[in-house]
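Hi there,

Here is the structure I promised to pass on to you. Have a look at it first, and then read on for what I found in it.

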Amino acid sequence: MVKANQSIAPSLRKCYEMVDDEVTDSIISWSQNNGSFIIWDMTEFTVHLLPKYFKHNNFSSFIRQLNIYSFRKVDTDRWEFANDGFIKGRKDLLKNIARRKYSQGSEQQNNENFELWIEVEN
């Protein structure tokens, strides 16, 4: 039998654990409806949390990973992201999230859109 974790991308598992950790709720947390997550403190997130869970502190790379797994930005006024398989209390759904299949042009366009969000926020 194959373990469920083997079919879940490590970056998705790490992201879920980061969001689900109540200790970091002032930095990143589930939204009120538990169907999305919000990055509340960009500086703390980038400086402390990203390097704790990933091998970098590059926010653009984190956003690119979300994009690869079809997360969508929920709110234009804050860093809130959702995916139908990324829900509080439903870690079992992570196995349903797959990488997007891209053509080179569409991936570049999506990355440019995320980079625009970052520029606007900064």
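**Val47 and its surroundings**

With a relative accessibility of 46%, Val47 counts as partly exposed. Please keep in mind throughout that this is a predicted model. Val47 belongs to helix α2. Its C-alpha lies 9.0 Å from that of Asn58, and the two residues are 11 apart in sequence.

**The overall layout**

Stepping back from that residue, the protein chain has four helices and four strands. Following the sequence, you will meet them in the pattern α-β-β-α-α-β-β-α. The protein chain has 122 residues, and 38% of them are buried. If you take the contacts between residues at least 6 apart in sequence, 52% of these join residues at least 24 apart.

**Aromatic rings**

I spent a good while on the rings, and I think you will enjoy them too. How many aromatic pairs does the structure hold? There are 13 of them. One of these is the pair of Phe45 and Phe59, which is edge-to-face, with 6.0 Å from centre to centre and 85 degrees between the planes. This pair links distant parts of the chain: Phe45 sits in helix α2 (residues 42–53) and Phe59 in helix α3 (residues 59–68), 14 residues apart. Both Phe45 and Phe59 are buried.

Phe59 also pairs with Trp79. Their ring centres are 5.0 Å apart and their planes stand at 80 degrees, so this pair is edge-to-face. Here, too, distant parts of the chain are linked, since Phe59 is in helix α3 while Trp79 is in strand β4 (residues 79–82), 20 residues away. As for accessibility, Phe59 has a relative value of 9% and therefore counts as buried, the cut-off being under 20%. Trp79 is buried as well, with a relative accessible area of 3%.

Trp79 has another partner to look at: Lys73 lies over the face of its ring, 4.9 Å from the ring centre. Which residues do the ring pairs link into a cluster? They are Tyr16, Trp30, Phe37, Phe45, Phe54, Phe59, Phe62, Phe71, Trp79, Phe81 and Phe86.

**How α1 meets α2**

Next, the packing of two helices. Helix α1 (residues 10–20) packs against α2 at an angle of about 130 degrees, and their axes are 10 Å apart. Is the arrangement of α1 and α2 oblique or roughly parallel? An angle between 115 and 145 degrees falls in the oblique class, so α1 and α2 are oblique to each other. The crossing in which α1 passes α2 is right-handed. On the α1 side the contact is made by Lys14, Glu17 and Met18, and on the α2 side by Phe45, Leu49 and Tyr53. You will recognise Phe45 here from its edge-to-face pair with Phe59.

Thr24 is worth a click while you are in this region. It is placed in the loop between α1 and β1 (28–30). Is Thr24 buried or exposed? Its relative accessibility is 7%, so Thr24 counts as buried. Apart from neighbours within four places in sequence, Thr24 is in contact with Met18 and Leu49. Met18 and Leu49 are also among the residues that make the contact between α1 and α2.

**Loops to look at**

Which loop holds Asn34? Asn34 is in the loop between β1 and β2 (36–39). Its phi is near 65 degrees, a positive value in a residue other than glycine. Asn34 has a relative accessibility of 28% and so counts as partly exposed.

Ser70, in the loop between α3 and β3 (72–75), likewise has a positive phi, of about 65 degrees, although it is not a glycine. At 29% relative accessibility, Ser70 is classed as partly exposed.

Finally, Arg100 is found in the loop between β4 and α4 (104–121). Its relative accessible area is 30%, so Arg100 is partly exposed. Where does Arg100 stand with respect to Ile68? The two are 32 residues apart in sequence, yet their C-alpha atoms are 5.5 Å apart in space.

Happy browsing, and best wishes!

Conventions: Residues numbered from 1 in each chain as written. Predicted model: local features only at pLDDT ≥ 70, side-chain atom pairs only at ≥ 80, totals over all residues. Heavy atoms only, no water. Phe/Tyr/Trp six-rings, centres within 6.5 Å; stacked < 30°, edge-to-face > 60°. Buried < 20%, exposed > 50% of the residue type's maximum accessible area, 1.4 Å probe, protein only. Lys NZ or Arg CZ within 6 Å of the ring centre and 35° of its normal. Axes fitted to C-alpha atoms, helices over the stretch in contact; angles between N-to-C directions. Parallel < 35°, antiparallel > 145°, perpendicular 65-115°, else oblique. Left-handed = near helix turned anticlockwise from the far one by under 90°. Contact = heavy atoms within 4.5 Å.
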